[in-house]
Structures are given as C-alpha cells and as structure tokens.
Amino acid sequence: MKVTNAEIVISAVSEKQYPTDQLPEVALAGRSNVGKSSFINKLINRKNLARTSSKPGKTQTLNFYKINEAFYFVDVPGYGYAKVSKKERQKWGKMMETYFEKRSSLKAVLLITDVRHEPTNDDIQMYDYLKYYDLPVVVIATKLDKVPKSKRAKHLKRTKNLFDLEPEDILLPFSAETGEGKDEAWSILREYMGL
Ligand code: GTP
Ligand code: MG
C-alpha cells in the first residue's frame, strides 16, 4: 500500500478518547521493546512517527495513527517489563481490557514476538486472551535479521508450536531492519480491514 498520509490522532488512556469515525483498525501487542512501534514505522515508511527506543516501556498510551484517512494502527504499551510497579501493571491491564474487549472497529491484532526467543508465558497468555475474545491474530516474528538464514525455519517452527496457532492464524516472519515481510504484512492487513 502506498502511504501518502500518516498522522497521530490521539494518545488515549481512556475509552472516551478513542476516535469515533468508525474506520477499521489493527492493534499491535507484544512484550516491551519487542519492536511494535518499529513495525508501524517500517510499514508506513516513517523513521520515527511511532516513537521507538532501545529502552523498554517507551509506549505508555494507546496511540492511534490514522493512515491515508482509511484506517488506524493502534500502538499499544508492551507487557512483561519487570521494572513496572504493580500499580502500573494494573492500570495497563485495565486499559488493555477496555480496549480489546469493547472496540468494535478492531479487525485484527498483530502479536509481535522476537523470532530469536521462545514466546514467553505472557505472549502465550496474550494469544489465548485474544482468541477468547474471537479476535483474529497475526503473529509477527520480528527481528528476523538477527537470525542466520540457516536457522530461521527452526525458530519459526518453534514459535508456531508454542503458540499452538489455530489454522486461521498467520505467522509472518518480519524485519523492521531489512523490510522482509513488509509486502506480505500489507496484503494481510488489507484483507482484514477490507481495503
Ligand atoms: P515499547 O514501546 O517499549 O513496548 O517497545 P516496542 O515494542 O514499541 O519496541 P520499539 O519499536 O521501540 O523497538 C525496540 C528496539 O528494537 C529498538 O532499538 C529498535 O530499533 C529495535 N528493533 C525493532 N525491530 C527490529 C528489527 O526488526 N530488527 C532489529 N535488528 N532491531 C529492531
Ligand atoms: Mg513502542
């Protein structure tokens, strides 16, 4: 997809701040620092519209990026960052619950994992949670550039097995560094959003 327009519309912490124009949207989910914001930037060819950081915990709010006046990417704060207080974690949980359980324009969730590592218990819990709410999940195995070509198939298989993906769920190898998987990501997204 040719992106001609991309802008942040709102950094939301509560439901009443969500955009109300009914455009379809896809949300990102995944561990802190895994590469969620980088995924968005790569897809829309912007270096840092979605703010990234080498330190975990950069994204703290639900950030709605409107693309081509046609749909939204929703960047979501990551989970599993040990230095977050219990109170912060509860706040995060509430914010996520409200969003994932009620948002009717949400068409699919991109669950981002680091292809180098086994999915964590948090990842698997997230996957099961999304499936429980009948949300289509696309697992994006990112940082593919960090794994030698000869080992990629093995890593991808491990990810697939540990999530125990349902037949309709897609696992997509991706790199925000090299752009591998970008075209496939767009065609998957278009299909889910009916664009
Ligand atoms: P939080 O907002 O803190 O939850 O993090 P995030 O998931 O949005 O991660 P972010 O996109 O900020 O990226 C974290 C770090 O990983 C940054 O230093 C990125 O440059 C790096 N990174 C992201 N994707 C890739 C990738 O595909 N390959 C490589 N080599 N590095 C990546
Ligand atoms: Mg982020």
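Which of the 24 residues around ligand 1 come nearest? The legends below address this and related points in a predicted model.

**Figure 1. Surroundings of ligand 1 in the predicted model.** Gly 35, Ser 38, Thr 52, Thr 59 and Gly 78 come nearest among the 24 residues around ligand 1. By residue type, this shell divides into 14 polar, six charged and four nonpolar residues. Helix 1, which spans residues 36-44, provides the largest share of the shell, namely three residues. For the complex, the predictor gives an ipTM of 0.99 and a pTM of 0.94.

**Figure 2. The chain as a whole.** Five helices and seven strands make up the elements of the chain. Their order from the N terminus is β-β-α-β-β-α-β-α-β-α-β-α. The radius of gyration is 16 Å, close to the 16 Å that the globule rule gives for 195 residues, so the chain is as compact as a globular protein of that length. Along the principal axes, the C-alpha atoms fill a box of roughly 45 × 40 × 35 Å. Of the 195 residues, 34% are buried. Among contacts with a separation of 6 or more, 72% join residues 24 or more positions apart. The mean pLDDT of the chain is 93, and 100% of the residues reach 70 or more.

**Figure 3. The annotated domain.** UniProt lists residues 22-195 as "domain: EngB-type G" in an unreviewed entry. Within residues 22-195, helix accounts for 37% of the chain and strand for 21%. The C-alpha atoms at the two ends of this range are 14 Å apart.

**Figure 4. Helix 1 and its covering.** Helix 1 is mostly covered, with eight of its nine residues buried. The buried residues are Lys 36, Ser 37, Ser 38, Phe 39, Ile 40, Asn 41, Lys 42 and Leu 43. One of them, Ser 38, is also among the residues that come nearest to ligand 1. The covering of the buried residues includes strand 2 (25-30), strand 3 (62-67), strand 4 (71-75), strand 5 (106-114) and strand 6 (137-142). Helix 5 (182-193) is likewise included in this covering. Asn 45, with a positive phi near 60°, follows helix 1.

**Figure 5. Two asparagines with positive phi.** Most residues other than glycine have a negative phi. Asn 45 has a positive phi, near 60°, and lies in the loop between helix 1 and strand 3. Because 12 C-beta neighbours lie inside 10 Å, Asn 45 counts as exposed. Asn 68 also has a positive phi, near 50°, and is placed in the loop between strand 3 and strand 4. With 14 C-beta neighbours inside 10 Å, Asn 68 counts as partly exposed.

**Figure 6. Phe 71 and Phe 73 in strand 4.** Is Phe 73 buried or exposed? Phe 73 lies in strand 4 and counts as buried because it has 27 C-beta neighbours inside 10 Å, where 20 or more suffice. Not counting residues up to four places away in sequence, Phe 73 touches Val 26, Ile 40, Tyr 65 and Ile 67. Of these, Ile 40 is one of the buried residues of helix 1. Phe 73 and Ser 54 are 19 residues apart in sequence, and their C-alpha atoms are 21 Å apart in space. Phe 71 is likewise in strand 4 and counts as buried, with 21 C-beta neighbours inside 10 Å. Leaving aside neighbours within four places in sequence, Phe 71 is in contact with Leu 23, Pro 24, Glu 25, Met 193 and Leu 195. The C-alpha atoms of Phe 71 and Asp 21 are separated by 9.8 Å, and these residues are 50 residues apart along the chain.

**Figure 7. Leu 165 in a loop.** Which residues does Leu 165 touch, not counting residues up to four places away in sequence? They are Val 139, Lys 160 and Leu 171. Leu 165 is placed in the loop between helix 4 (149-163) and strand 7 (170-173). Leu 165 counts as partly exposed because it has 16 C-beta neighbours inside 10 Å. Val 139 and Leu 165 are 26 residues apart in sequence, with 8.9 Å between their C-alpha atoms.

Methods. Residues numbered from 1 in each chain as written. Chains lettered and ligands numbered in written order. Predicted model: local features only at pLDDT ≥ 70, side-chain atom pairs only at ≥ 80, totals over all residues. Near = placed C-beta within 6 Å. Helix = DSSP H or I, 4+ residues; strand = E, 2+ residues; numbered from the N terminus. Nonpolar A, V, L, I, M, F, W, Y, C, P; charged D, E, K, R; others polar. pLDDT = per-residue confidence, 0-100. Rg over C-alpha atoms; globule rule 2.2 N^0.38 Å. Contact = placed C-beta atoms within 7 Å. UniProt positions renumbered as here; feature names shortened; annotations may be inferred.
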